[in-house]
Amino acid sequence: MRAAIDQLDARRAQIYIEALIVEVTAAKASEFGIQWQHFPNTGSGAGIVANSNFTNGSTGSNIITLAANPAAAPPGLNLGVINGTVTLAGTTLFNLGALARALESDSGTNILSTPTLLTLDNEEAKIVVGQNIPIVTGSFTLATGSSTTAGTNNPFQTVDRRDVGLMLRVKPQVAQGGSVKMQLYEEVSSVVAGTLTNANGP
């Protein structure tokens, strides 16, 4: 009997899990272009003004912006041709005739969390890094002009609460021989800005 009890009263295996949740992006940007402009320095006489640019005037990579301030050139390879200065609408600019720009960038990985979990065999472990938000799932209101009194039909709302953020659920199963099989669930969620409709939730 004691031998049988010793076999039944064995401790369940424990599993220690170290996880690394990483956001991997495969975005790669490359840019090469030539912008040009023509500002004839004719004083008060007539002349033709022309330019070609590929970016917004508020950015540092725009040829018009760099003609006013060459030091605002963005990162990357920037080659320009300047021939003195020119006055345009009362503003003195560098006579930047052409601008060639080359840029290449890579974005790699972003470590979101490094959680650790300790659980028993065949028991689910869960970690949540985020917030619990209310979500309206249903509502009832009285129709306009209804003869039904509010005392007998009260308007109401039903609200459900849900976890939003970084979640990891793990359920390990230890098989014979020590091999471990795991059921994994991972979620990275957030509330979209500007969707809050009332005080009860988004």
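This is a short tour of a predicted model, going from the whole chain to two residues, Asp121 and Gln131.

**Whole chain.** Start with everything shown as a cartoon. You should find 2 helices and 11 strands, and walking from the N terminus the order reads α-β-β-β-β-α-β-β-β-β-β-β-β. Now colour by burial: of the 202 residues, 18% are buried. Switch on the surface and you're looking at about 14,300 Å² of accessible area, with carbon and sulfur atoms accounting for 53% of it. As for how the chain folds back on itself, take the contacts between residues at least 6 apart in sequence: 61% of those join residues at least 24 apart.

**Asp121.** Select this one next, in the loop that links strand 8 (116-120) to strand 9 (125-140). Which side chain of opposite charge is nearest to Asp121? That's Arg12, but at 5.8 Å, and buried Asp121 has no salt bridge. Look instead at Val174: its backbone nitrogen sits 2.9 Å from the Asp121 side chain. Show the surroundings too. Beyond its neighbours within four places in sequence, Asp121 is in contact with Arg12, Ala13 and Ile15, plus Pro172, Gln173 and Val174.

**Gln131.** Move along to strand 9, where Gln131 has its place. Is Gln131 buried or partly exposed? Its relative accessibility is 48%, so Gln131 counts as partly exposed. Then select Val164, 33 residues away along the chain, and check the C-alpha separation from Gln131: 5.5 Å. With neighbours within four places in sequence left aside, the contacts of Gln131 are Arg162, Asp163 and Val164.

Definitions and conventions
Residues numbered from 1 in each chain as written. Predicted model: local features only at pLDDT ≥ 70, side-chain atom pairs only at ≥ 80, totals over all residues. Heavy atoms only, no water. Helix = DSSP H or I, 4+ residues; strand = E, 2+ residues; numbered from the N terminus. Buried < 20%, exposed > 50% of the residue type's maximum accessible area, 1.4 Å probe, protein only. Lys, Arg positive; Asp, Glu negative; His and termini not counted. Salt bridge = Lys/Arg side-chain N within 4 Å of Asp/Glu carboxyl O. Polar contact = N/O pair within 3.5 Å; in protein donor to acceptor, adjacent residues only side chain to side chain. Contact = heavy atoms within 4.5 Å. Areas by Shrake-Rupley, 256 points an atom, 1.4 Å probe, with all protein chains shown as cover.
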